[in-house]
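Here is a small set of exercises to work through at your own pace. Try each task before you read the solution below it.

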Amino acid sequence: MRLLRAYLRGLWDGKLLLGYTLLASLSLLILAPFLMIALRSVGKGWFGRLWLPPELTLEWYRWAVEVGNIPEVMKNTLIIGVIAVAVSTVIGIFAGWAFGRRQMPGKEVLMALILLPRMIPPITYALGVAKIFYTLDLVDTYLGVALAHVSVCAPYAILVLSATFEGLDERVLEAAGVCGANTLKRFFYVVLPLIMPGILASMIFSFTHSYNEFTLTLLTYGPHTVTLPIRTYLAVGDGYWEITSAMAVIMVLPSLAILAMIQRRAEPEKLVGGFKGV
Amino acid sequence: MTRFWRAHSSNLTTLLLLFPALAGFFGLFFYPMLLTLILSFRPEGQTAGWTLQNYTRFLRDPDGQWVILLTFLLALGSTALSVLLSVPLALILREKVRGHRFYRLMILVPLVIPGLIGALGLLLFFGTRGWFNLFLMQFIPFIRRPVAVNYTIHGLMFFYVWLYFPYTCVTTLSALESLDRSLEEAGEVSGANRWQVLRHIVLPLITPGILAGSVLTFMAAFGAFSVPLIAGGNYRPLAVEIYKQIAVPIPARWSAASAIAVVMGALQVVFLALYMRLVRRAGGAAAGGAGAGGVR
Amino acid sequence: MTDAMIEFRDVTKRYGPLLANDHLSLTIRRGELMTLLGPSGCGKTTALRCLTGYVRPDEGRVFIDGADVTDLPTHQRELGMVFQNFALFPHMTVQDNVGFPLMIRNLSRAERDARVAQALRLVRLEGYAAHYPRQLSGGQQQRVGLARALVYRPKVLLLDEPLSNLDAKLREEMRFEIKEVVTRLGITALYVTHDQGEALALSDRVAIMNRGRLEQVGTPEEIYEHPQSRFVAEFIGLSNFLEGSVLAVDGETMRVGIGELGVTVPALPNVGAGQRVLLFLRPSEVELLRPGDPGGTNVFEARVEKTTYLGDTIDYRLVFGQDLPLRVQTDAQRRFAPGAEVRIRLPRIRCWAMTSG
């Protein structure tokens, strides 16, 4: 307790110098691991006490692509992602419309129920999902793995789209009606443009989750449905760090692009609830 | 019939709209959970009969107890460390120091990167050939050999902190930023030095925010799977233990895995309930008893 | 011991190109209630923050009770402060809020309780000790703020727009309450506000600031009746301004030519014939006469352009001389319709000439 006090007190009093040291070392600590992955994926003969690889090569990427079968794996990941996004978005639009625009008894309870999967460790229901998929022969199919992903993606889609629909201004629809637009026109010219950002956000969220999803994939994948995270995990098991690193770089680059994208638009606080593939 | 339809059409439409979500919920969450629960009471490999053996075997086994203890140790330890790291960090970042945008971005990095990749990078960084040990051996006297971090329990705990502290940090920061600065000014004018202001005014007021963030860190750490799977070595928390039961033995021990899953789910729910109560109490105290009930 | 309790000596503070305080020098006497008055952005808040230590002046020094506190941290300055947004600690009861400065000073529990009770009695909040701030009304919260500022008997009480978050009726009430408490304790107080009504009602002296500079320091009467600049005159109330040049100085009085008219006003020191001056006159001080009334010094013909009924007074827009506009407010007993010919008298001692624009 006394140590703790001294620690906090020191930070409070020491102000900037200590603060900058802390910030700088933290940033270093966060960035260095990625830098090491990147360097190892292009380094050759990096042994012993060397800070940097003595030689650069793209050999490990060739290995990753040829032996790790990356194109095939990438194709699997994308197909599964697209199915998962499609299903989640459909679920999300319907449920979002219901939650955001309609009155009904027990709405809060239903909402809480549907968001419950976020509160439970995924491995616990992944187990049951896998067991069911074994009996239904859904294991090692695109549809099966994608459906497993939906259990993670859909709650986020529902959350985002409920908020979107709730934010839709009734008066705008009325105004459109007054202007003489029929239902169909109203939907395409007024509603759709208004909810499009929400749908896009929900799709990006869902896709990122599916793309990064590890636990549920691990329990439902098979030789024909290896995804990027699984391929990387398997490579870790093989013990070739260079090839693993190359795969990790291939896998993480799209995530970084997405980070850059959302950093510009979204507030960080909002991400905390939402953004984790594990 | 038409009358009935008219009276209930609105509710029926709502139900229809919710149908896909409910189907997904029951098919992909509720039924799997139920199945897991049922399986956990079935004798291993059978589809009929009831037994408590799966539970008793796991809970009586010292290894099983160690797994539970380890899970809590890692989750609570990393949560506590995250709080210790986040509070000063948030205090600094609040001051809009030069480059604070960059540092804020840095804090988000572990949130957005898949845990698998983070763990891989950390294993490389702390490995015998990693920069961490290179630095120690070249710049710190008396360290001649690599220091073991990977696959140790403290190493694993550090990985957890690295991966999951942003939840705590971001919420703490937003709690701090919504704090009225004039309160601190009032404290200082009243004669409190910076430390006393922190201790008597700032900390009590941001405690609900810290706790709310630390719940997220705790949940992530408690349920962590990919990270301990590749970076845990011999330390297997509950999630990994469940997976091992179906991945290692042939045939897979579904019932044993299910029993552990039920234990894990139950522990998390119970612990979360307790934690939420604590958070609510702290929130109530900080909000000044919120409303008429606040008179002590 | 000097008579000065607070002294700003040549305090200058810049925010980039903006000069928030421009060589501000101001002395506040022991036991005096001084108001720092000015529009928002005039630098009064910066001056206050130089005093609390939240802002460090770029140049100049700040003294409290003869001691240079420019480099002293806030918590060592022995100040009491009432905030615009109350700034009560939401997680503490009224008792703990008021007792906070005492707790920080390590007073014993018993003495703390006694002094908190005393302070609460002073602001008439006995019986509210166990309440939390959010259970109190705005006025009560601000009284808690006042009690907290006074409880440890600081050398100086600072009030930063303490009434601007209260509604109009309460503001008036609190104004007198603050005045009374401060007077009873005999404490030196610096009151910052942009409301001239508050400043006039409360203060022993008023310091008016504009664009980082002091425009004028004086008692409310001096400020109201003898403003030294157009800014002060306009800021402190309704005013008429008449531009003219001095025709002749005759001992105590001088004649100022405004167009073709000659107005007799009190003489200004160091002002001679030919110099341009600005005459200033409050609308309520112009006398309206009937056309038949006898003439005399400073009596002129005028015509009513527009009237506005304000209840207890009537507001007239007149023109006189060569289309000179003049605003007049009189009681509602005598009424003139627009277009009516009237006579006005500009009371000699109420016409105040100033040289600065």
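## Warm-up: an open sheet in chain C

In chain C of this predicted model, 5 strands make an open sheet with antiparallel pairing, in the order β15-β19-β16-β17-β18.

**Exercise 1.** Find which strands stand at the edges of this sheet and say why one side of each is left without a neighbour. Then work out by how many degrees neighbouring strands are turned against each other on average.

*Solution.*

Step 1. Look at the two ends of the strand order: β15 (287-289) and β18 (324-331) of chain C are the edge strands. Each has a single partner strand, so one side of each lacks a neighbour in the sheet.

Step 2. With direction ignored, the average turn between neighbouring strands of this sheet is 45 degrees.

Step 3. For one pairing inside the sheet, take strand β16 (residues 299-309) of chain C and strand β19 (residues 341-345) of chain C, which run antiparallel and are joined by 5 bridges. Within that pairing, Ala302(C) has Val342(C) in β19(C) as its bridge partner.

## Following one strand and its two partners

**Exercise 2.** Take strand β12 (residues 253-258) of chain C and determine which side chains point to one face and are buried, and which point to the other. Then describe how β12(C) pairs with β11(C) and with β13(C).

*Solution.*

Step 1. Recall the general pattern: side chains in a regular strand alternate between the two faces of the sheet.

Step 2. Apply the pattern to β12(C). Met254(C), Val256(C) and Ile258(C) share one face and are buried. Thr253(C), Arg255(C) and Gly257(C) point to the other face and are not buried. For the burial call, the cut-off is 20 or more other C-beta atoms within 10 Å of the residue's own.

Step 3. Turn to the partner that comes before. Strand β11 (residues 240-250) of chain C pairs with β12(C) in the antiparallel sense over 5 bridges. Val256(C), from the buried face, is the bridge partner of Val246(C). The two strands form a hairpin with 2 residues between them, and Gly251(C) in the turn has a positive phi of about 65 degrees.

Step 4. Now take the partner that follows. β12(C) and strand β13 (residues 261-266) of chain C run antiparallel and are joined by 6 bridges. Gly257(C), on the face that is not buried, has Gly262(C) in β13(C) as its bridge partner. This hairpin also has 2 residues between the strands, and Gly259(C) takes a positive phi near 60 degrees.

## Reading the folds of chains A and B

**Exercise 3.** Describe the secondary structure of chain A and chain B, then ask how the radius of gyration of chain B stands against that of a compact globule of 296 residues.

*Solution.*

Step 1. Count the elements. Chain A has 12 helices and 2 strands, and its elements run α-β-β-α-α-α-α-α-α-α-α-α-α-α from the N terminus. Chain B comes to 12 helices and 0 strands.

Step 2. Check burial. In chain A, 44% of the 278 residues count as buried; in chain B, buried residues make up 48% of the 296 residues.

Step 3. Look at one exception on the surface. Helix α7 (residues 170-178) of chain A is hardly covered, with 0 buried residues among its 9. After α7(A) comes Gly180(A), with a positive phi near 100 degrees.

Step 4. Consider overall dimensions. Chain B has a radius of gyration of 25 Å, while a compact globule of 296 residues would be near 19 Å. The C-alpha trace of chain B spans about 70 × 70 × 35 Å along its principal axes.

Step 5. Finish with contact range. In chain B, 71% of the contacts with a separation of 6 or more come from residues 24 or more positions apart.## How the chains meet

**Exercise 4.** Which pair of chains has the most contacts, and how many residues of chain C are in contact with chain B?

*Solution.*

Step 1. Of the 2 pairs of chains that touch, chains A and B have the most contacts. Their contact takes 73 residues from chain A and 67 residues from chain B. Helix α1 (residues 2-40) of chain B gives the largest share of chain B's side, 16 residues. By class, that side has 50 nonpolar, 15 polar and 2 charged residues.

Step 2. On the other contact, 24 residues of chain C meet 23 residues of chain B. The largest share of chain C's side, 3 residues, comes from α2(C). This side divides into 13 nonpolar, 8 polar and 3 charged residues.

Step 3. Chains A and C are joined by no contact, and their closest C-alpha atoms lie 13 Å apart.

Note on methods: Residues numbered from 1 in each chain as written. Chains lettered and ligands numbered in written order. Predicted model: local features only at pLDDT ≥ 70, side-chain atom pairs only at ≥ 80, totals over all residues. Contact = placed C-beta atoms within 7 Å. Helix = DSSP H or I, 4+ residues; strand = E, 2+ residues; numbered from the N terminus. Nonpolar A, V, L, I, M, F, W, Y, C, P; charged D, E, K, R; others polar. Rg over C-alpha atoms; globule rule 2.2 N^0.38 Å. Buried ≥ 20, exposed ≤ 12 C-beta atoms within 10 Å, placed from the backbone. Pairing = 2+ DSSP bridges. Axes fitted to C-alpha atoms, helices over the stretch in contact; angles between N-to-C directions.
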